Amino acid sequence: MTGRRTTGTGPTAGPEVPGQEGPGQGMPEHAISEARPRAARPTIMDVSARAGVSRMTVSRALRTPDLVREDTRRAIERAIADLGYVPDRAAEALSTRRSGFVGLVVPTLTNTNFADAARGLTDIIRRDGYELLIGYTDYDENAMLRHVRDMLGRRAEALILPAGPRGPALRGMLASETIPIVQMAGLAGRPVHRMVGYSNREAGRMAAHHLIALGHTRIGALGAEGDGLSCDHRGGERLAGFAEALREAGLSDALVLRMGNPPISFTHGAQAMGHLLNREPDVQAVFAVSDLVGVGALMECHRRGVRVPQDISLIGFGGFEVGRQMVPALTTVAVDFRAMGERTGRMVLDLLAGRPGVPRIVDLGVALVERETTAFRPSALSITA
């Protein structure tokens, strides 16, 4: 057989004849690479063989690494890195009937506060091996229903939903669920599920009290209206609390404007501020239902030559980074959304572990952060002097 070359690997492979192309010869390089079978994905058995341990030990190191000896765990980690092994979560879910993920539904991805909450939440639940699956609704109740149905169908082990009223279809779907369900970023007096957040109504009242204390009397507010299909319930609660505080002080709430559909944005704030200035040029102070709206309103004031805070005081909500970097820096009613996500994560883990005494409501409160866009009215200064 020496001196004889063959092509192919099967029993019919014959001698290579000069000038006659065998399989792959004369083919473009990319066609050859596509024709070759792909290498099989490394398995847990490959990891156990490389690390010199049992399959069960590898599985234990992946699930509960603290229960595995450090030298063994490091050997397994080296084997995983060398092989590029990726655990088959789908197979694990079938065998354990656990998905390992927590579902989070947020109203929008344009609001960095929800990103901060998601980060805090992820940092906590990962400590117990859970991952976060995120869906967003753009304030659409039908989208909320689809996300919840899909997450439940994929065996989410807990659900975290934005606070606010629910339609009958969603309420019925959640009523029969036994997994932990937590509402985040708002509070209700008699919650159906557990809640972590703050009072949006109190946030609006705090903004109004601050502007009133500065001596302003012609006060407006900017928020979204919605069209029935999409609605910013939390922003609406802030506007309601703001208007309520104005009326209690004997002031008119006629300049509390609800226009456009959520999600709100810088553009929405600029347009709403322009509308308000056209309607009431002598407005003295404005509450923006979000810092995004507040920044847009501030830019519109700059374009019109309206000085902030000399001509108009402006206050937002949320404590966004962009508000802090504006010139002048935006006064705001702030919430620690990162802490809210962390607290929600701890509540979810407590519920999943069956720990007793988990509170039904956690109120993180709101805080006034006074910066450069609010100031005393000149008339108020002369009175106090």
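Which residues does Glu237 touch, not counting residues up to four places away in sequence? They are Asn200 and Arg201, and the first legend below starts from there. Please keep in mind that all these close-ups come from a predicted model.

**View 1. Glu237 and its surroundings in helix H10.** Glu237 is found in helix H10, which spans residues 233-248. With a relative accessible area of 35%, Glu237 is partly exposed. Once residues up to four places away in sequence are set aside, Glu237 touches Asn200 and Arg201. Gly164 is a useful second landmark here: Glu237 and Gly164 are 73 residues apart in sequence, yet their C-alpha atoms are 9.6 Å apart in space.

**View 2. The second largest pocket.** Gly164 turns up again in this view, as one of the residues closest to the centre of the second largest pocket. The others in that central group are Pro165, Gln183, Ala188 and Met195. In total, 23 residues line the pocket, and the space inside comes to about 410 Å³. Helices H8, H9 and H10 are the elements that give two or more residues to this lining. If you are thinking about the chemical character of the wall, the lining divides into 10 nonpolar, 7 polar and 6 charged residues.

**View 3. Helix H8 and its buried face.** Helix H8 covers residues 168-175, and its buried residues are Leu170, Met173 and Leu174. Seen down the axis of H8, these buried residues fall within an arc of 90°, so they line one face of the helix. The general geometry helps here: an α-helix has 3.6 residues a turn, so residues three or four places apart point the same way. On the other side of H8, Pro168 and Ala175 are exposed. What lies over the buried residues? The cover includes helix H7 (141-153), strand E3 (159-162) and strand E4 (181-184).

**View 4. Tyr198 and its aromatic partners.** The structure holds 4 aromatic pairs, and this view shows two that share Tyr198. Tyr198 and Phe317 form a tilted pair, with 5.8 Å centre to centre and 40° between the planes. This pair links distant parts of the chain: Tyr198 sits in the loop between strand E5 (194-197) and helix H9 (200-213), while Phe317 belongs to strand E9 (residues 313-318), 119 residues apart. Both Tyr198 and Phe317 are buried. Tyr198 and Phe337 form an edge-to-face pair, at 6.0 Å centre to centre and 70° between the planes. Tyr198 lies in the loop between E5 and H9 and Phe337 in helix H14 (residues 337-352), so this pair ties together parts that are 139 residues apart in sequence. Buried means under 20% relative accessible area, so Tyr198 counts as buried at 2%, as does Phe337 at 5%. Together with Phe114, the residues Tyr198, Phe317 and Phe337 form one aromatic cluster.

**View 5. The largest cavity.** From the cluster, Phe114 leads on to the next view, as one of the residues closest to the centre of the largest cavity. Asn111, Tyr139, Asp232 and Arg238 complete that closest group. The count comes to 2 cavities of 30 Å³ or more, and the largest cavity holds about 170 Å³ of space. Its lining is made up of 19 residues, with helix H6 (112-125) and H10 as the elements that give two or more residues. By class, the lining divides into 11 nonpolar, 5 polar and 3 charged residues.

**View 6. The second largest cavity.** Here the volume is about 40 Å³. Phe114 appears in this lining too, along with Leu104, Val105, Val106, Pro107, Ile160, Leu161, Pro162, Met184 and Ala185. Strands E1 (101-106) and E3 are the elements that give two or more residues to the lining. How many nonpolar, polar and charged residues does this lining have? There are 10 nonpolar residues, with no polar and no charged ones.

**View 7. Glu300 in helix H12.** The closing view turns to Glu300, whose place is in helix H12 (residues 291-304). Is Glu300 buried or exposed? Glu300 is buried, with a relative accessible area of 13%. Leaving aside neighbours within four places in sequence, Glu300 is in contact with Ala270, Met273 and Gly274.

Note on methods
Residues are numbered from 1 along each chain as its sequence is written. This is a predicted model: local features need pLDDT of at least 70, side-chain atom pairs count only at pLDDT 80 or more; totals for chains, interfaces and linings use all residues. Side-chain values use heavy atoms; hydrogens and water are left out. Buried means under 20% relative accessible area, exposed over 50%, partly exposed in between (1.4 Å probe, protein chains only). Helices (H or I, at least four residues) and strands (E, at least two) are DSSP runs, numbered from the N terminus. The arc is that of the directions from the helix axis to the C-beta atoms. Contact means heavy atoms within 4.5 Å. Rings of Phe, Tyr and Trp (its six-membered ring) pair if their centres lie within 6.5 Å; planes under 30 degrees apart count as stacked, over 60 as edge-to-face and the rest as tilted. On a 1 Å grid over the protein atoms alone, a cavity is a set of points where a 1.4 Å probe fits but cannot get out, and a pocket is an open set with protein on both sides within 12 Å along at least five of seven lines; lining residues have an atom within 4 Å of a point. Grid points are joined across faces, edges and corners, and a volume is the space filled by probe spheres set on the points. Ala, Val, Leu, Ile, Met, Phe, Trp, Tyr, Cys and Pro count as nonpolar, Asp, Glu, Lys and Arg as charged, and the others, Gly among them, as polar.
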